[in-house]
Amino acid sequence: MVCLGNICRSPLAEGILKSKVDPDKVQVDSAGTGGWHVGERPDPRSIAIARKMGLDITDQRGRKFSTYDFEQYDHIFVMDNSNYRDVVRLANDDSDRAKVKMILNEIFPGENVDVPDPYYGGDQGFENVYNMLDEACEKIVSWL
Ligand code: 4NP
């Protein structure tokens, strides 16, 4: 799960998908394309909405996406078009590029809709993001 800062959207996506899969079978992680928040906990507003929905994401720490992630993971879900460009730029070949998917294409196939960045908004933005990621992650587990 990849976003820009790895403190708002992708930590929620990581927590939500983890809660829906068998950890012995599926490894889930998140990262940011930017490095400003490496080592930090998720944004308090992401922690709060996750907690309200019954998930604890406080043990997550920010990290930056790297080319090594293409070796480690079969699927790379990005939150928006800007993340998509940044991640694809780091791909080594077509096989890497094919792993990168817009997460909301799970619910709006082919539309390339962004998960809006809630960083500069209020708490409602985080709840909206949570709900769209929850729906997308349900779709992911249905085919995974
Ligand atoms: P995220 O939100 O990409 O959903 O984690 C952001 C968090 C921080 C910044 C940008 C986006 N920032 O510029 O610090």
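In this predicted model, a backbone N or O atom of glycine 5 lies 2.8 Å from an oxygen atom of the ligand. Two further polar approaches to the ligand can be described alongside that of glycine 5. A polar backbone atom of isoleucine 7 is found 3.0 Å from a ligand oxygen atom, and for arginine 9 the side chain takes part, with one of its N or O atoms 2.8 Å from an oxygen atom of the ligand. Taken alone, the ligand exposes 350 Å², of which the protein buries 91%.

It is helpful to look next at the shell that surrounds the ligand. The residues around the ligand are Cys3, Leu4, Gly5, Asn6, Ile7, Cys8, Arg9, His37, Asp117 and Tyr119. By residue class, this shell divides into five nonpolar, three polar and two charged residues.

Where, then, does the ligand sit among the pockets of the model? The space that the ligand takes is the second largest pocket, which has a volume of about 160 Å³. Lining this second largest pocket are Cys3, Leu4, Gly5, Ile7, Cys8, Arg9, Trp36, His37, Asp117, Tyr119 and Tyr120. The lining comprises seven nonpolar, two polar and two charged residues. Gly5, Ile7 and Arg9 are among the residues of this lining; readers setting up a view of the site may like to begin with the backbone of glycine 5, the backbone of isoleucine 7 and the side chain of arginine 9.

The largest pocket deserves a description of its own. Its volume is about 330 Å³, and of the 21 residues that line this pocket, Gln27, Val28, Tyr73, Asp74 and His75 are the closest to its centre. Two elements of secondary structure can be named here: helix H3 (68-72) and strand S3 (76-78) each supply at least two residues of the lining. In terms of residue class, the lining of the largest pocket holds 12 nonpolar, four polar and five charged residues.

To bring the two pockets together, the largest has a volume of about 330 Å³, and the second largest, with about 160 Å³, is the space taken by the ligand.

How values were computed:
Residues are numbered from 1 along each chain as its sequence is written. This is a predicted model: local features need pLDDT of at least 70, side-chain atom pairs count only at pLDDT 80 or more; totals for chains, interfaces and linings use all residues. Side-chain values use heavy atoms; hydrogens and water are left out. On a 1 Å grid over the protein atoms alone, a cavity is a set of points where a 1.4 Å probe fits but cannot get out, and a pocket is an open set with protein on both sides within 12 Å along at least five of seven lines; lining residues have an atom within 4 Å of a point. Grid points are joined across faces, edges and corners, and a volume is the space filled by probe spheres set on the points. Helices (H or I, at least four residues) and strands (E, at least two) are DSSP runs, numbered from the N terminus. Ala, Val, Leu, Ile, Met, Phe, Trp, Tyr, Cys and Pro count as nonpolar, Asp, Glu, Lys and Arg as charged, and the others, Gly among them, as polar. A residue is near a molecule or strand if one of its heavy atoms lies within 4 Å of it. A polar contact is a pair of N or O atoms within 3.5 Å; within protein, one must be able to donate a hydrogen and the other to accept it, and residues adjacent in sequence count only if both atoms are side-chain atoms. Accessible areas come from the Shrake-Rupley method with a 1.4 Å probe; for residues, only the protein chains shown count as cover. A molecule sits in a cavity or pocket if more than half of its atoms lie within 2 Å of its grid points.
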